[in-house]
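Visitor: Could you take me through one part of this model slowly, in connected prose? I would like to see how a single strand sits among its neighbours, and then how a pair of helices packs.

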Amino acid sequence: LKRYPMASVDVVHEALAPPGEEVRADGFRPSPWLDAFGPGYIDLAFHAARAADAKVRLVYNDWGFEQVAAENDRFRARTLRLLDGLLKRRVPIDALGIQGHLSAFGNRVDQRKLAAFLHEIETRGLRILVTELDVDDTGGPSDIAARDRAVADEARRFLDVVLASSATRAVLTWSLSDRYVDPPDEWKLKLMGWRFRKTPYDAAMRKKPLWQALAQSFAARRA
């Protein structure tokens with residue numbers, strides 16, 4: 001970390017079981033780290049990262065905070081318990097990374113619940129980073145313009161809440177261009193020429209409505 005300075009680093013990524021996939025009573029995601037060290041591996045990772053760099057922002061990164069379902073409620077509560085434990089043990093954590101994998105036609109962002117959750121993060125003295133923003137257009141119409149509008153609208157609804165929080169420090173997208181986002185294992189979609197519209201630029205690197213939504217949201221935050 002000292003050789004290649006960074007503003008922030010995801011120290012631990014997806015340590016909790018994702019919404020709807022709780023397979024352990026303690027809520028942790030099964031992993032070799034958990035098997036070898038128990039839940040204490042999270043503490044060890046953050047202490048090691050801080051020993052390596054005294055200034056970099058140390059982040060716990062996960063997903064599933066935005067939606068309305070009961071399983072998302074449980075996940076938000078489980079995340080707060082995790083963070084409270086880290087803070088109580090004086091683990092050097094600085095921020096929560098919210099991946100922001102949204103859905104334009106599926107499980108939509110619940111603005112009220114997201115705002116309440118971000119307020120909880122803020123009251124704990126932690127910063128917020130959006131680390132992997134994209135908007136899945138699966139289930140949308142074949143009309144590209146309609147899908148692009150829905151993707152942009154969902155991103156704007158999300159950013160309206162996230163950027164309203166004084167704790168938010170960064171928004172990063174999960175890739176920049178649809179050129180690099182292929183339907184995984186969906187060979188039929190590939191043969192039909194269907195392509196995801198998840199990112200700010202299309203496959204020809206042209207700006208899409210999602211780019212405009214991001215730019216407008218950032219401009220409103222600065223105003």
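Guide: What follows looks at one strand and its partners, and then turns to a pair of helices. The model is a predicted one, and the strand to begin with is E3, which covers residues 95-98. Its side chains alternate, in that Ala 95 and Gly 97 point one way while Leu 96 and Ile 98 point the other way, and all of these residues are buried. On one pairing, E3 is joined by 4 bridges to strand E2, residues 57-62, and the two strands run parallel; within this pairing, Ala 95 of E3 is the bridge partner of Val 59. E3 also pairs with strand E5, residues 127-136, again in the parallel sense and over 4 bridges, and here the bridge partner of Ala 95 is Arg 127 in E5. Ala 95 is thus named in both pairings, with Val 59 and with Arg 127. The connection between E2 and E3 involves helix H3, residues 70-88, and together the three elements make a right-handed β-α-β unit.

As for the helices, two packed helices are described by the angle between their axes and the distance between the axes. For helix H4, residues 111-123, and helix H5, residues 144-162, the axes come within 9 Å and cross at roughly 30°; since angles under 35 degrees count as roughly parallel, H4 and H5 are therefore roughly parallel to each other. Their crossing is right-handed. At the contact, Gln 111, Leu 114, Ala 115 and Leu 118 of H4 meet Arg 157, Phe 158, Asp 160, Val 161 and Val 162 of H5.

Note on methods. Residues numbered from 1 in each chain as written. Predicted model: local features only at pLDDT ≥ 70, side-chain atom pairs only at ≥ 80, totals over all residues. Heavy atoms only, no water. Buried < 20%, exposed > 50% of the residue type's maximum accessible area, 1.4 Å probe, protein only. Pairing = 2+ DSSP bridges. Right-handed = clockwise from strand over helix to strand, strands pointing away. Axes fitted to C-alpha atoms, helices over the stretch in contact; angles between N-to-C directions. Parallel < 35°, antiparallel > 145°, perpendicular 65-115°, else oblique. Left-handed = near helix turned anticlockwise from the far one by under 90°. Contact = heavy atoms within 4.5 Å.
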